[in-house]
Structures are given as structure tokens and as C-alpha cells.
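Here are a few exercises to work through, each with a solution in steps. Have your viewer open and try each task before reading on.

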Amino acid sequence: MARVRQYAVAASGQWTVEDDGRRRLPSGEVHAWEPGMNQTVCGLSLSRSQLIRFSHVTWLDTFPESGGAADRVRRQCPRCASVAGRRGSDARPRWHRTNPRP
């Protein structure tokens, strides 16, 4: 039985919500990150790339239609999106053969 992976977010910047001032959210370019690892899903080192970890924000919350933490996200890493899941306007349906050869 396959294990379902839960991806968190690592981002190039951060901002705080003005309402309470304590909640940090990602901004800039976001990458999928598996907690406990020292690199993103696409292979970037967190420390060398100076990415900030957001273990409380899930990868799916970075999509604009989710209404989650996507207010100031400018770009999602396409390599991370191909592994962690892609939803949105650039999402393509799964590959399907329409006219198989006999």
C-alpha cells in the first residue's frame, strides 16, 4: 500500500497577516517540501537557496483557487508541481490514448 505524502511549503519570502500579526505565510516563489528533509522536492537545498520553511502551510494552500495562503505567492516551482500535484489553469488532464492502434 502506497504512502500518501503530505508536502509542506518552502518559499523565498514571508509576510505576516495584519489581523493578528503572528501568522507567517509564504510569498514569492514557493516549492514543495517534505518535513524532515533538507531539500525541496525538486532538489534545491533549503539552506543554500535561503528558502524559508512553512511546515504549517500545505502545498495545496498555495494555489490561488484554494483561498488559503496564496495571496502573495508569485510563482510555483513547475518541477515541484509535477511531483506534488498540479491544480489550476496550467493543469493538464492525465495522458489518455484516444485512437489506439489495433
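**Exercise 1. A loop residue**

Is Q50 buried or exposed? Work it out, then look at its place in the chain and its backbone.

*Solution.* Some ground rules come before the steps. This is a predicted model, where local features need pLDDT of at least 70, side-chain atom pairs count only at pLDDT 80 or more, and totals for chains, interfaces and linings use all residues. Residues are numbered from 1 along each chain as its sequence is written, and side-chain values use heavy atoms, with hydrogens and water left out.

Step 1: Q50 has a relative accessible area of 66%, so it is exposed. (Buried means under 20% relative accessible area, exposed over 50%, and partly exposed in between, with a 1.4 Å probe and protein chains only.)

Step 2: find Q50 in the loop between β2 and β3. Strands here are DSSP runs of E with at least two residues, helices are runs of H or I with at least four, and both are numbered from the N terminus.

Step 3: check the backbone. The phi of Q50 is near 55°, a positive value in a residue that isn't glycine. As background, most residues other than glycine have a negative phi.

**Exercise 2. The sheet**

In what order do the strands of the open sheet lie? Then say which strands stand at the edges.

*Solution.* Step 1: list the elements. The chain has one helix and four strands, in the pattern β-β-β-β-α along the sequence.

Step 2: put the four strands in sheet order, which gives β3-β1-β2-β4 with mixed pairing. (Two strands pair if DSSP finds at least two bridges between them.) β3 (52–58) and β4 (73–76) are at the edges with a single partner strand each, so one side of each has no neighbour in the sheet. On average, neighbouring strands are turned by 30° against each other, direction ignored; the axes behind that angle are lines fitted to C-alpha atoms.

Step 3: go through the pairs. β1 (residues 8–16) runs antiparallel to β2, with eight bridges, and V9 has A32 in β2 as its bridge partner. β2 (residues 24–33) runs parallel to β4, joined by three bridges, and G28 stands opposite V73 in β4.

Step 4: check the cover on β2. Eight of its ten residues are buried.

**Exercise 3. The cores**

Which residues touch the most other members of the largest nonpolar core?

*Solution.* Step 1: fix the term. A nonpolar core is a set of buried Ala, Val, Leu, Ile, Met, Phe, Trp, Tyr and Cys residues joined through side-chain atoms within 4.5 Å.

Step 2: read off the answer. The largest core has 19 residues, and L25, V30, A32, V57, W59 and C80 touch the most other members. β1, β2, β3 and α1 (78–84) supply at least two residues each. Apart from this one lies another core of five residues, including A8, W33, L46 and L51.

Step 3: take W59 as an example. Not counting residues up to four places away in sequence, W59 touches Y7, A8, V9, V30, H31, A32, Q76, C77, C80, A81, A84 and G85. (Contact means heavy atoms within 4.5 Å.)

**Exercise 4. Two polar residues under cover**

Are H31 and T40 buried or exposed? List what each one touches.

*Solution.* Step 1: H31, in strand β2, is at 4% relative accessibility and counts as buried. T40, in the loop between β2 and β3, is buried too, with a relative accessible area of 3%.

Step 2: leave aside neighbours within four places in sequence. H31 then contacts A8, V9, A10, T40, C42, L44, L51, W59, C77 and C80, while T40 touches A10, H31, A32, L46 and L51.

Step 3: look at the side chain of H31, which a polar contact of 3.4 Å joins to that of E29. (A polar contact is a pair of N or O atoms within 3.5 Å; within protein, one must be able to donate a hydrogen and the other to accept it, and residues adjacent in sequence count only if both atoms are side-chain atoms.)

Methods:
Axes are lines fitted to C-alpha atoms, for helices over the stretch in contact, and angles run from 0 to 180 degrees between N-to-C directions.
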